[in-house]
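Below are some notes on the model, set out as numbered points. Please read them alongside the sequence and the coordinates.

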Amino acid sequence: MKQKVMVWVRNLVRAARADSGMTTSEYAVGTIAACAFAAVLYKVVTSAPVMAQLQSLLKDALDAKF
């Protein structure tokens, strides 16, 4: 029984090593997803309500009394 478990673990480790890393197509999809997320984040951060809140936050932080 112990021998079977050892063989199973060894085979599992070999399989994990054989599939370590992404292929070119996976990199391409990941890059496109990251760019899409960056574009959405840029649009959100540069929108008027968010810009007003950020400016208010910075103004309050710079005008703080110590």
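1. The protein chain has 66 residues, and 0% of them count as buried. This is a predicted model, and the points that follow should be read as statements about that prediction.

2. The accessible surface of the protein chain comes to about 6300 Å². Carbon and sulfur atoms supply 70% of that area.

3. On secondary structure, the protein chain contains three helices and zero strands. Taken in sequence order, the pattern reads α-α-α.

4. Helix 3 covers residues 48-62, which makes 15 residues. From the first C-alpha to the last, helix 3 reaches 21 Å, close to the 21 Å expected at 1.5 Å a residue. The number of buried residues among the 15 in helix 3 is zero, so this helix lies largely in the open.

5. How many salt bridges does a search of the whole structure find? The search returns one. The partners are K59 and D63, with their closest N and O atoms 3.3 Å apart. That separation falls within the 4 Å cut-off applied to such pairs.

6. Are the two partners of this salt bridge buried or exposed? K59 is exposed, at a relative accessible area of 52%, while D63 is partly exposed, at 44%. The dividing value matters here: exposed means over 50%, so K59 takes that label and D63 falls in the class in between.

Definitions and conventions. Residues numbered from 1 in each chain as written. Predicted model: local features only at pLDDT ≥ 70, side-chain atom pairs only at ≥ 80, totals over all residues. Heavy atoms only, no water. Salt bridge = Lys/Arg side-chain N within 4 Å of Asp/Glu carboxyl O. Buried < 20%, exposed > 50% of the residue type's maximum accessible area, 1.4 Å probe, protein only. Helix = DSSP H or I, 4+ residues; strand = E, 2+ residues; numbered from the N terminus. Expected span 1.5 Å × (residues − 1). Areas by Shrake-Rupley, 256 points an atom, 1.4 Å probe, with all protein chains shown as cover.
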